[in-house]
Amino acid sequence: MTRKLALVGAVSFAALAAPAHADVVIGPRFAYYFDNSNLRSSDLDGVQEARSVIDDELTQELRDASGFDDLLVTELDNGSASNANQVGFPMIGGMVNFGDDRDRFTLTAMVGQGKTTTKLVSSRQTTVEVADIGINEISVIQNLDQQDVDRFDAELTWQRRLNERFALTAGIRYERLQIDGDGEIAIQETDEVRQFIADTLGTEAPTRNLDGANAPQRVATSRTLETWSARAGATAFVPMDRNVTAFFNGMVQASYQPDFEFGTQFFSVNDEIVREETRTDEGELSVGPDFAVGLQFLVTDRLAVDLRYRAILYFPLSGEFDFSDSRVNHGVNVGVSLRL
């Protein structure tokens with residue numbers, strides 16, 4: 001967080017260090033944004049894989065021990081249901097704007113923190129088919145996860161004024177979400193498959209609880225989501241009176257989110273780490289609209305205040321999510337601009 005604040009401060013410093021003849025505008029920015037990334041990323045795939053009783057090696061052992069080469073193991077994910085709210089971020093930052101009457105460049109950087117709680121229920125069925133016998137085992141996983149999310153945004157925008165009412169706009173944007181979760185997992189399950197394994201191999205039945213306990217188990221998770229975007233569009237200005245101007249900015253954006261690692265730690269009832277796992281989740285390419293509407297109030301010739309609402313939608317073109325399962329980033333922004 002200290003490095004983020006230093007970068008935000010550097011924006012204002014860069015403006016103050018600009019030559020005196022440059023047309024430079026600086027100012028603070030305050031915002032409250034919502035992001036539904038936690039809704040799209042909240043799943044228990046990694047936990048389900050960690051809790052799997054049978055793998056390929058154990059399946060072959062069962063075939064050898066039972067004498068049935070056609071022994072077949074299937075695992076069916078019956079789906080998940082979640083209950084969560086999108087993350088709200090109070091944010092603070094700064095901007096520097098420079099250029100001439102025709103071309104202007106704006107650099108903005110903002111940081112913020114948010115919290116959310118996710119409740120998720122997931123069901124899984126394991127079946128062993130041997131000869132004409134089918135053995136089923138059902139596992140229901142209940143997860144409560146409290147997440148702390150650190151957010152950092154940086155954006156560079158170019159605007160070319162065509163006349164008093166229209167301008168062309170383009171730019172690049174970077175977003176980072178650092179998501180750290182801490183919660184509990186409770187498992188309810190039948191034991192038919194595990195008992196079959198014990199009877200066939202002459203061993204104790206394997207357990208999904210990593211420390212052998214039946215109580216809810218603590219789990220900690222960590223992941224970092226990064227998004228790089230390029231955008232282009234236009235801005236329209238509508239003067240309301242000599243001191244108030246309404247504006248609308250509409251752009252189309254294309255974004256890339258790289259693959260990211262999802263780390264999971266499992267704890268015992270004594271709060272000791274008993275297992276650590278890391279999986280790599282697939283990134284995505286996405287496209288969508290980026291628009292803002294607002295008002296700018298001219299207080300003096302050198303001082304202005306603007307209020308705006310902005311929304312960005314990311315529709316996936318690749319990755320693990322369907323096109324309709326979009327990510328939405330939206331909220332209100334208040335800025336003060338001082339012309340040096």
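Let's start at a turn: a hairpin of four residues links S5 to S6. This is a predicted model, and the hairpin is a handy way into it. The two strands on either side, S5 (residues 133–161) and S6 (residues 166–189), run antiparallel and are joined by 23 bridges. To pick out one rung of that ladder, look at Asp145, whose bridge partner in S6 is Gly183.

Now stay on S6 and look at its pairing with S7. Strand S7 covers residues 217–241, runs antiparallel to S6 and is joined to S6 by 20 bridges. Gly183 turns up again here, standing opposite Val219 in S7. So much for the local picture; next comes the chain as a whole.

The protein chain holds 13 strands along with five helices. Among its contacts with a separation of 6 or more, 74% are between residues 24 or more positions apart. Of the 340 residues in the chain, 41% count as buried. The accessible surface adds up to about 17,700 Å², and carbon and sulfur atoms own 54% of that.

What about the inside? The largest nonpolar core has 11 residues: Ala31, Tyr33, Val87, Phe89, Met91, Met110, Val149, Leu177, Ile179, Leu225 and Phe260. At least two of these residues come from each of S1, S3 (87–99) and S6. The top contributor is S3, which gives three residues.

Ile179 is a good residue to click on in this core. Leaving out anything up to four places away in sequence, Ile179 touches Gln147, Asp148, Val149, Thr221, Ser222, Arg223 and Leu225. Two of those neighbors, Val149 and Leu225, are listed in the largest core as well. There is also a second, separate core of 10 residues, including Leu71, Val130, Ile135 and Phe196.

Finally, hop to the outside by way of S1. Tyr32 sits in this strand, which spans residues 24–35, while Ala31 and Tyr33 belong to the largest core. In a regular strand, side chains alternate between the two faces of the sheet. Is Tyr32 buried or exposed? Something in between: Tyr32 is partly exposed, with a relative accessible area of 36%. Surface patches take residues with over 30% relative accessible area, so Tyr32 at 36% clears that cut-off. The patch in question is nonpolar, covers about 420 Å², and is made by Tyr32 together with Phe248, Val293, Tyr309 and Val332.

Terms used: Residues numbered from 1 in each chain as written. Predicted model: local features only at pLDDT ≥ 70, side-chain atom pairs only at ≥ 80, totals over all residues. Heavy atoms only, no water. Patch = residues over 30% accessible without salt bridge, like charges linked within 9 Å, V, L, I, M, F, W, Y side chains within 5 Å. Areas by Shrake-Rupley, 256 points an atom, 1.4 Å probe, with all protein chains shown as cover. Salt bridge = Lys/Arg side-chain N within 4 Å of Asp/Glu carboxyl O. Buried < 20%, exposed > 50% of the residue type's maximum accessible area, 1.4 Å probe, protein only. Pairing = 2+ DSSP bridges. Contact = heavy atoms within 4.5 Å. Core = buried A, V, L, I, M, F, W, Y, C linked by side-chain atoms within 4.5 Å.
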